[in-house]
Protein chains: 2
Amino acid sequence: MQKISSIDEIRSIRKSLPEPVGFVPTMGYLHAGHLMLVKKARQECASVFTSIFVNPTQFGPQEDLAKYPRDLERDFAALEHKGVDVVWTPDNAMMYPEGYDTWVNVESISRSLEGEIRPGHFRGVATVVTKLFHVVQPDKAYFGQKDAQQAWIIKKMVKDLNFNIEIHIEPTVREADGLAMSSRNVYLNSEERSVAPRIYEGMQRALRSFNHDEVNADRLIQIVANHLGETPFFTVQYIRIVHPESFEPVSTAFDGCLLLVAAKLGDTRLIDNIILTKK
Amino acid sequence: MQKISSIDEIRSIRKSLPEPVGFVPTMGYLHAGHLMLVKKARQECASVFTSIFVNPTQFGPQEDLAKYPRDLERDFAALEHKGVDVVWTPDNAMMYPEGYDTWVNVESISRSLEGEIRPGHFRGVATVVTKLFHVVQPDKAYFGQKDAQQAWIIKKMVKDLNFNIEIHIEPTVREADGLAMSSRNVYLNSEERSVAPRIYEGMQRALRSFNHDEVNADRLIQIVANHLGETPFFTVQYIRIVHPESFEPVSTAFDGCLLLVAAKLGDTRLIDNIILTKK
């Protein structure tokens, strides 16, 4: 596995690698969710690129950029083990040199849900993903369903801007107790960690109710809210049921719509979602 | 020469053509300035792509989108004569399908000069050029110095977003009397056309003064303003001397800085510029 920082070297290596090229962009501190994306890319592509870059422009001024967890050596070992060909580790100075001024924005969808709570977040995501795509020039790129709105925005951006890249969205990987894998789970203290699975439990309760023919979105949302409200730990930011193609809220749930949750547990924001599927 | 509308066909042809691929994006109604760009591309590249697309998103609501001049058959003949390999003619529906939502913006520079007079103009330019680049995937792309700020913005966008494309800026082509070639010159009536060369004359006067050691930007600007003011036809929008790397106004002219003029002649906006060069 080649570990490269320089953009020019990545471009040069890219030319010599067999296609199709699969790409898994990450912010590092890799967990089983990232590694599942890498595994998919390895199965479906002749070459696998990954990147590790904690992108500063997708963090708000009050957010956790400085303390975002990092462990590059452990990440390298995990990627090597999964058969990755190239890992690119750009730095802030090469990605955002002084005078940096160009931004990509998927405007409407970036204002709701995560975008409402984290203004500028998706502009930072769309911009850095564009830059990563331009350097790596992948044929396929892999993202996790756990960040559903991000995945949707990247698909929309790729379609709107005519990128010639297939976007693959892979299912959320969970801990044994249902908590969605996230690099930020490391922020949870033991008490918070013990109640964190309630997000998934609450969504599963809503799903069961949906499968018993409850389609009223408000009542399904209330099921999740009640389950989180049984402990004093959660501050709910939103619980929403949205159309999977527009991310617009729906009042009546249907097969394939998305149930999205964002809540704070102490200082830690957690987001999760499931697809409401008819059994 | 292949005349193609479909994006998929362009992608497919692109794969089979020898590299480097040169690209000249245009809005059609081609003049000698466009054809000079094509000639350069032909000299420097193994394959030459052009596009003809009157991009609606770079026109303001009160601007001349509907009456922008078009003559596709004449354009095809001229491009064929110059040895172009492929001309791509996308339409609005394929470039901006319903629900289109993604925009590229070089933020700071897009607010001044042309951007101040034409809000949203450069956002439309940066977005459409990104889309064209993603489909054609050129190695080199050619733009005219006449639209100096546009050329600068595209260079900045390419650098910021890590496009792997060389941007070539070619000198302005002029009529015998000095008027810069522009598709919009066709809007001028005969009286307006006869005074239009005053823009270039005024700039040349300023250049002569600069070469006689006048470096005060205000006084150089006044020379141009006086020359335009000698007739009642011009409404000056701006006359500015700017740094060629930042487009920031300078108070003292120096070798290589830009003198920019925008003025209306009747209903027609004309822009032009020269580089102030020490003889």
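Q: Which way, right-handed or left-handed, does α9(A) cross α10(A)?
A: This is a predicted model, and here we're looking at two helices of chain A, α9 (residues 198-211) and α10 (residues 217-229). They pack at an angle of about 150°, with their axes 8 Å apart. The crossing of α9(A) past α10(A) is right-handed.

Q: Which residues of α10(A) make the contact with α9(A)?
A: From α9(A), the contact takes in A:R198, A:I199, A:E201, A:G202, A:M203, A:R205, A:A206, A:S209 and A:F210. By class, the contact of the two helices has eight nonpolar, three polar and three charged residues. On the α10(A) side you'll find A:L220, A:I223, A:V224, A:H227 and A:L228.

Q: How far apart are the end C-alpha atoms of helix α6 of chain A?
A: Helix α6(A) covers residues 121-136, which is 16 residues. At 1.5 Å a residue, the helix should span 22 Å. The model agrees with that, since the end C-alpha atoms are 22 Å apart.

Q: How many of the 16 residues of α6(A) are buried?
A: Buried here calls for 20 or more other C-beta atoms within 10 Å of a residue's own. Helix α6(A) is largely enclosed by the rest of the structure. That follows because the number of its residues that are buried is 16 of the 16.

Q: Which residue follows α6(A)?
A: Look just past the end of the helix for a residue with a positive phi, near 50°. That residue is A:Q137.

Q: Which element gives the largest share of the side of chain B that touches chain A?
A: In total, 23 residues of chain B are in contact with 23 residues of chain A. On chain B, α1 (7-16), β5 (102-106), α6 (121-136) and α7 (148-160) each supply at least two residues of that side. By class, the chain B side has ten nonpolar, seven polar and six charged residues. The largest share, five residues, comes from β5(B).

Q: Where in β5(B) is the bridge partner of A:V106?
A: Strand β5 (residues 102-106) of chain A and β5(B) pair in the antiparallel sense, over five bridges. At one place in the pairing, A:T102 stands opposite B:V106. For A:V106, the partner is B:T102.

Q: Which residues of β5(B) lie on the side opposite B:T102, B:V104 and B:V106?
A: This strand is mostly covered, with five of its five residues buried. Both faces are covered, with B:T102, B:V104 and B:V106 on one side. On the other side sit B:W103 and B:N105.

Q: Which strands stand at the edges of the open sheet in chain B?
A: Six strands form this sheet, in the order β1-β4-β3-β2-β6-β7, and the pairing is parallel. Neighbouring strands are turned by 25° against each other on average, direction ignored. Two strands each have a single partner strand, so one side of each is left without a neighbour in the sheet: β1 (2-4) and β7 (166-170) of chain B.

Q: What is the bridge partner of B:F23 in β3(B)?
A: Strand β2 (residues 21-26) of chain B and strand β3 (residues 47-52) of chain B pair in the parallel sense over six bridges. In that pairing, B:F23 is matched with B:F49.

Q: What angle does α7(B) make with β7(B)?
A: Helix α7(B) lies across two strands of chain B, β6 (140-144) and β7. Its direction runs to that of β7(B) at about 170°.

Q: Which residue of β6(A) does A:G22 stand opposite?
A: Chain A has an open sheet of six strands in the order β1-β4-β3-β2-β6-β7, with parallel pairing. Within chain A, two bridges join strand β2 (residues 21-26) to strand β6 (residues 140-144). Opposite A:G22 stands A:K140.

Q: Is A:A148 buried or exposed?
A: You'll find A:A148 in helix α7 (residues 148-160) of chain A. Leaving aside neighbours within four places in sequence, A:A148 is in contact with A:L258, A:L260 and A:N273. There are 25 other C-beta atoms within 10 Å of A:A148, and 20 or more is the cut-off. So A:A148 is buried.

Key:
Residues are numbered from 1 along each chain as its sequence is written. Chains are lettered from A and ligands numbered from 1 in the order in which they are written. This is a predicted model: local features need pLDDT of at least 70, side-chain atom pairs count only at pLDDT 80 or more; totals for chains, interfaces and linings use all residues. Helices (H or I, at least four residues) and strands (E, at least two) are DSSP runs, numbered from the N terminus. The expected span of a helix is 1.5 Å times one less than its number of residues. A residue is buried if 20 or more other C-beta atoms lie within 10 Å of its own, exposed if 12 or fewer, and partly exposed in between; C-beta atoms are placed from the backbone. Axes are lines fitted to C-alpha atoms, for helices over the stretch in contact, and angles run from 0 to 180 degrees between N-to-C directions. A crossing is left-handed if the near helix is turned anticlockwise from the far one by less than a right angle, and right-handed if clockwise. Two residues are in contact if their C-beta atoms, placed from the backbone, lie within 7 Å. Ala, Val, Leu, Ile, Met, Phe, Trp, Tyr, Cys and Pro count as nonpolar, Asp, Glu, Lys and Arg as charged, and the others, Gly among them, as polar. Two strands pair if DSSP finds at least two bridges between them.
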